[in-house]
Amino acid sequence: MEKTEKKQYKLIFIDMDGTLYDMEDMVIDGYNSALDYLVNYQGFSSEEAGLLLKENHIYPYVSEDACSATAFFMSRGYDVKEWDQKRSENFNCQPIDINKAMKLQSLKKLSAGAPLVLLTNNTLKNVRRVLKHLGIPEDVFTEIFCNEKDNKTPSKKPLMEQLMTKYEAKPEETLSIGDRYNVDGRPLVELGGDALIIRKPHYIEEFLNGEKTDIHYVFYDGENMKV
Ligand SMILES: [Mg+2]
């Protein structure tokens, strides 16, 4: 692929789950937590819970149209503290293969160019577990925003807007990196920003090598860039 001059961003958002590590390693655990929560805390039968998750694009496998279970539960008005507690109890980093995860060096390169803000719907407890497991120090990120203290709505959009004001970055100077367009990309694209959607953590290398510019809503599967 031909190299071109890379766009300079003033602010970069990065997602954690499925972006810093391969979602394949954890997708079943996450799905089972959501299923257990609906059955044990919200009184659904297993069958009803499975149907509800499916209808809302929450799957036991990696999918392009997958949505966030946390955002879904928040949109239904469930007690998110209860859900956070439940998934923190269940969360186990051991299936995460660090060899498939994003390299610390890549994160350092990203943060050298612009403030790098970790924006996740996961809990702070789980963020700390994952970063420790991956050997990523928290201070590689300019700030960390996680669900229980920062995200009061199902969408990352209001927080993205606040942070763009804080860092004096226009939408077109802002990039969101994540593994799911609906969760990580769409909120910023709707505000006028760019999104880099990567299916595997190591695909960030092509971006860092300047092999793709002017991103705006990209799905990258390791072979094809779909704009
Ligand atoms: Mg994700």
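**Notes on a predicted model: helix pairs, cores and a few residues**

1. Let's start where α1 and α4 touch: Asp29, Ser33, Asp36 and Tyr37 of α1 meet Trp83, Lys86, Arg87 and Asn90 of α4. Sorted by class, that contact has 4 charged residues, along with 2 polar and 2 nonpolar ones. Keep in mind throughout that this is a predicted model.

2. How do the two helices lie? The axes of α1 and α4, the latter covering residues 80-90, come within 10 Å and cross at roughly 135°. The two helices are therefore oblique to each other. As for the hand of the crossing of α1 and α4, it is right-handed.

3. Helix α1 (residues 27-40) has a second partner to look at, α2 (residues 46-55), and here the axes come within 9 Å and cross at roughly 130°. That makes α1 oblique to α2. The crossing of α1 and α2 is right-handed.

4. Which residues make the contact between α1 and α2? From α1 come Ala34, Leu35, Leu38 and Val39, and they meet Ser46, Ala49, Gly50, Leu52 and Leu53 of α2. The residues of this contact split into 7 nonpolar and 2 polar, with no charged ones. So if you want to set the two contacts of α1 side by side, the one with α2 has no charged residues, while the one with α4 has 4.

5. Now step back to the whole protein. You'll find 10 helices and 7 strands in it. The protein has 227 residues, and 35% of them count as buried. If you take contacts between residues at least 6 apart in sequence, 66% of them join residues at least 24 apart.

6. What about the nonpolar cores? The largest has 37 residues, and the ones with the most contacts inside it are Ile12, Phe13, Leu116, Val117, Leu118, Ile177 and Leu196. Elements giving two or more residues to this core include the strands β1 (11-14), β2 (116-119), β4 and β5 (194-198). On the helix side, α5 (104-113), α6 (124-134), α8 and α10 (204-208) do likewise. Apart from that core lies another one, of 10 residues, among them Ala34, Leu53, Ala66 and Ala69. You have met two of these names already: Ala34 of α1 and Leu53 of α2 both belong to the contact between those helices.

7. Is Leu11 buried or exposed? This residue of strand β1 has 24 other C-beta atoms within 10 Å, and the cut-off for buried is 20 or more, so Leu11 is buried. Its C-alpha atom and that of Leu116 are separated by 6.5 Å, although the two residues are 105 apart along the chain. Leaving aside neighbours within four places in sequence, Leu11 is in contact with Ala114, Pro115, Leu163, Met164, Tyr167, Ala169, Glu173 and Thr174.

8. Two helix residues are worth a look next to Leu11. Gln105 sits in helix α5 and is exposed, with 10 other C-beta atoms within 10 Å. Between the C-alpha atoms of Gln105 and Ile136, which are 31 residues apart along the chain, there are 9.6 Å. Val189 belongs to helix α9 (residues 181-190) and is partly exposed, since 17 other C-beta atoms lie within 10 Å. The C-alpha atoms of Val189 and Leu175, 14 residues apart along the chain, are separated by 8.9 Å.

9. Finally, check the backbone at two loop residues. Most residues other than glycine have a negative phi. His57, which is not a glycine, has a positive phi of about 60°. You'll find His57 in the loop between α2 and α3 (69-75), where it counts as partly exposed because it has 16 C-beta neighbours inside 10 Å.

10. Where is the other one, Glu168? Look in the loop between α8 (157-166) and β4 (174-178). Phi of Glu168 is near 50°, again positive in a residue other than glycine. Glu168 has 9 C-beta neighbours inside 10 Å and so counts as exposed.

How values were computed:
Residues are numbered from 1 along each chain as its sequence is written. This is a predicted model: local features need pLDDT of at least 70, side-chain atom pairs count only at pLDDT 80 or more; totals for chains, interfaces and linings use all residues. Axes are lines fitted to C-alpha atoms, for helices over the stretch in contact, and angles run from 0 to 180 degrees between N-to-C directions. Helices (H or I, at least four residues) and strands (E, at least two) are DSSP runs, numbered from the N terminus. Angles under 35 degrees count as roughly parallel, over 145 as roughly antiparallel, 65 to 115 as roughly perpendicular and the rest as oblique. A crossing is left-handed if the near helix is turned anticlockwise from the far one by less than a right angle, and right-handed if clockwise. Two residues are in contact if their C-beta atoms, placed from the backbone, lie within 7 Å. Ala, Val, Leu, Ile, Met, Phe, Trp, Tyr, Cys and Pro count as nonpolar, Asp, Glu, Lys and Arg as charged, and the others, Gly among them, as polar. A residue is buried if 20 or more other C-beta atoms lie within 10 Å of its own, exposed if 12 or fewer, and partly exposed in between; C-beta atoms are placed from the backbone. A nonpolar core is a set of buried Ala, Val, Leu, Ile, Met, Phe, Trp, Tyr and Cys residues joined through C-beta atoms within 7 Å.
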